[in-house]
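Visitor: Hi, I'm new to this one. Can you pull it up and walk me through some of it?

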Amino acid sequence: MRLTRQTNYAIRILMYCTANNDRLSRIPEIAAAYSVSELFLFKILQPLVENGLVETVRGRHGGVRLGRPAKDITLFDVVRVTEESFAMAECFESDTDCPLVDSCSLNSALREALNAFFEVLGRHTIADLVAARPSMRNLLGIDLLESHAPAA
C-alpha cells in the first residue's frame, strides 16, 4: 500500500509540533523545515483539526499545536483521517462487477494484509517517531529558530 503525500506531511506536521516541545508552531516554519508550500500544509491541517489531532490558535502570535499528547496519537490515527481509500484492488470497491467478490480468496487475503498493516500502524505513535531521533529539533531547524528569537 502506498500512502499519499498528504498523509506523509500530516505525520511530519505532528512530528514537528512534538519536536517543538508542544509550543505553538507556525506553518511558515514547518513549511520551511520540510521545503514544502504553506498552502499545501494549510490544506492538510483541516482534517487534522477536525479530528482533534491538531489545535489552531489564531492571532498575531498564533500557530498550531498537538490536540492531544503525541504518545496518544498513533500512525493509524493519522492515516485514518488523511487517506480517502484503502482499496488495494478493484474488488475492494463497492461498485465492482466481479462475480467472485463475496467468495474470492484474493479479497480475503488482501483484507487480512490491510488489517495487519493497520495493526502495525496502531502500535507506533508520533512520540515514538520523534524519540527515535534525538537530533530531530536540530534537523528541523527548531533550535536555530529559538536561538534567533527575540527575548520576551
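Visitor: What should the 13 residues of α3 span, at 1.5 Å a residue?
Guide: They should span 18 Å (1.5 Å times one less than the number of residues), and the end C-alpha atoms are 19 Å apart, which agrees. Keep in mind this is a predicted model, where local features need pLDDT of at least 70, side-chain atom pairs count only at pLDDT 80 or more, and totals for chains, interfaces and linings use all residues. Residues are numbered from 1 along each chain as its sequence is written, and side-chain values use heavy atoms, leaving out hydrogens and water. Helices are DSSP runs of H or I, at least four residues, and strands are runs of E, at least two, numbered from the N terminus.

Visitor: Where does α3 bend?
Guide: At Ile 44, by about 25°, and Pro 47 follows within four residues. That bend is the angle between axes fitted to the seven residues ending there and the seven starting there.

Visitor: Switching to α2, which of its residues are buried?
Guide: Ile 27, Ile 30, Ala 31 and Tyr 34; buried means under 20% relative accessible area with a 1.4 Å probe, protein chains only.

Visitor: Why are those on the same side of α2?
Guide: Because they cover an arc of only 100° around the axis, going by directions from the axis to the C-beta atoms.

Visitor: What do they pack against?
Guide: The buried residues of α2 pack against α1, α3 and β2, with contact meaning heavy atoms within 4.5 Å.

Visitor: And what is Leu 41 in contact with?
Guide: Leaving aside neighbours within four places in sequence, its contacts include Ile 27, Ile 30 and Ala 31, plus Tyr 9 and Ile 13.

Terms used:
Buried < 20%, exposed > 50% of the residue type's maximum accessible area, 1.4 Å probe, protein only.
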